[in-house]
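Here is a friendly walk through one structure, meant to be read with the model open beside you. Turn it on screen as you go, and pick out each element when its name comes up.

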Amino acid sequence: MTVIARLDAPGCGCDAAQGLASIDQALERIRALPRRKDTEDVPLAKAMGRVLARPVTARANVPPFASSAMDGYALCAGDLIGDGPWVLPVSARIAAGDDARASLPPGHAARIFTGGAVPGGADCVVMQEAVTAHPGRIEIRTRPTRSQHVRSVADDMGQGDVILPAGRRLTARDIAAAAASGRASVTVTKALRVALLLTGNEIVPQRQDLAPGQIWDVNGPMMIAMLTRPDVEITARAVAEDDADALTAQIAALADMADLLLTSGGISVGDTDLVKPSLLALGGTIHLSGVAIKPGKPVSVGTLGRTAWLGLPGNPVSAHVIWQVFGTALLDHLTGRQPVTARSHAVLADPLEHKPGRCEMRPALLAGHDANGREMVRFESQTHSARVATLARADGLILIPAEADQMRAGDLVEFLPFET
């Protein structure tokens, strides 16, 4: 079996390809960009998908008292002298929420329910199925052990423990943990303000019939969908002017209202590719101009004042691939999220051919498991930057290293699943 290059491996086999940055070099430059540190407190009910700016710590021990893990009877194991069976009088009834300061006389048992506070003098709980109940007393035939079925103080979390670290993008599970820790709100980074700029005179909205030479806008709806998340606020969406001076003014205006300017198309070397010249004319800086990747080689990253800029290719498949590889990394960096590794490995269901020179991210479909239980992937014979239907059929991207010209069925590849 052949294990191919990883996205985070130095060079990915494409460092010097056409003088372009490698994938890992591009990711390093993205993560070196400055980011704002504005924060806000939000209630837990509105914290889903936000990125923690400060860690969440437990306000108190959880549980704050020893409690029963099931319905049964609380008693002291040491009160059971000699061989069984043992008969104990039942002198108390304790439910969840009852006063946790109750105490149990020696040689007695207490009827207790799940979540109820184990009374002083008791050190174990016998499940109700393990006793024979009689009016006012119980009979036990099997000796319990100390701490049996008892949730001890701070069994879940101790006061001051870090429950969730800063940089975590909150899930429902995280919010449950924050609530259990006694926190009603959390401190998160402010939602990232993003402005969208679409280029291409041939692009028209779907509600409009196509004239000769026109195509419907794909990147606009796709980009909005990619950015529909709680830690992002889309502040503007515009179609680029076809005049250099007008485009420059447009970029300046959009950058003023955003932390990230996301553009589509206009970043190659043609006469009509005016985005980078406009950015430079405004005093911006280009940190990345082209990556040895297929598709999406023209991808560019820069800054204009405090605003970051990501230039996506105009072809929809290229734009989507670049967003998965670089856009999500940039978004996570700017929102303060710690880097997350979502990659795995899969087995090629069929052989593939590849033109050496650039790393290729090819859309692929999960196709069951092989005889060894490993996930398999299927894919088209080539990556077509304008065939959008292939994206809808794919589950993610496989990484083909720059130097590979062919791979065999059964070879192991790195698989990057699409974000859901």
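## Cores, sheet and hairpin

In this predicted model, the largest nonpolar core has 45 residues, and those with the most contacts inside it are Ile23, Leu260, Leu262, Leu310, Val325 and Phe326. Two or more residues each are given to this core by helix H1 (23-31), S13, H3, S17, S21, helix H6 (316-335), S24 and strand S26 (396-400). Which element gives the largest share of this core? H6 does, with eleven residues. There is also a second, separate core of 16 residues, with Leu197, Leu254, Ala255 and Trp309 among them. As a general background to such groupings, nonpolar side chains in soluble globular proteins tend to be buried together.

Now to the sheet. Six strands form an open sheet with mixed pairing, in the order S16-S13-S17-S21-S20-S18. Its edges are strand S16 (232-239) and strand S18 (285-289), each of which pairs on one side only. From one strand to the next, the twist averages 20°. Within this sheet, strand S20 (residues 300-304) pairs with strand S21 (residues 307-312) in the antiparallel sense, over five bridges. To find this pairing on screen, look for valine 301, whose bridge partner in S21 is leucine 310. Leucine 310 is also one of the residues with the most contacts inside the largest core.

Two helices are worth finding next. Helix H3 (residues 219-226) lies across strand S13 (192-198), S16, strand S17 (260-264) and S21, and runs at about 170° to S13. Helix H4 (residues 244-256) packs on the sheet as well, touching S13, S16, S17, S20 and S21. The direction of H4 makes about 160° with that of S13.

Further along the chain, S25 has two partners to look at. The table sets their pairings beside that of S20 and S21.

| Strands | Sense | Bridges | A bridge pair |
|---|---|---|---|
| S20 and S21 | antiparallel | five bridges | valine 301 and leucine 310 |
| S22 and S25 | parallel | two bridges | leucine 348 and valine 377 |
| S24 and S25 | antiparallel | four bridges | leucine 366 and valine 377 |

Strand S22 covers residues 344-348 and strand S25 residues 375-379. Valine 377 stands opposite leucine 348, and valine 377 is also the bridge partner of leucine 366. The hairpin of S24 and S25 has five residues between the strands, and glycine 373 there takes a positive phi near 85°.

Glycine 368 lies in strand S24 (residues 359-369). Is glycine 368 buried, partly exposed or exposed? Glycine 368 counts as partly exposed because its relative accessibility is 37%. Leaving aside neighbours within four places in sequence, glycine 368 is in contact with Arg374, Glu375 and Met376. Glutamate 403 is 35 residues from glycine 368 in sequence, and their C-alpha atoms are 28 Å apart in space.

Finally, the cysteines. How many disulfides does a search of the whole structure find? The search finds zero. Cysteine 76, for one, is in no disulfide, and the nearest cysteine sulfur, that of cysteine 124, is 7.1 Å away. Because the cut-off for a disulfide is 2.5 Å between sulfur atoms, a separation of 7.1 Å does not qualify. Cysteine 76 counts as buried, since its relative accessibility is 18%. Cysteine 359 also counts as buried, at 0% relative accessibility.

Methods:
Residues numbered from 1 in each chain as written. Predicted model: local features only at pLDDT ≥ 70, side-chain atom pairs only at ≥ 80, totals over all residues. Heavy atoms only, no water. Pairing = 2+ DSSP bridges. Axes fitted to C-alpha atoms, helices over the stretch in contact; angles between N-to-C directions. Contact = heavy atoms within 4.5 Å. Buried < 20%, exposed > 50% of the residue type's maximum accessible area, 1.4 Å probe, protein only. Core = buried A, V, L, I, M, F, W, Y, C linked by side-chain atoms within 4.5 Å.
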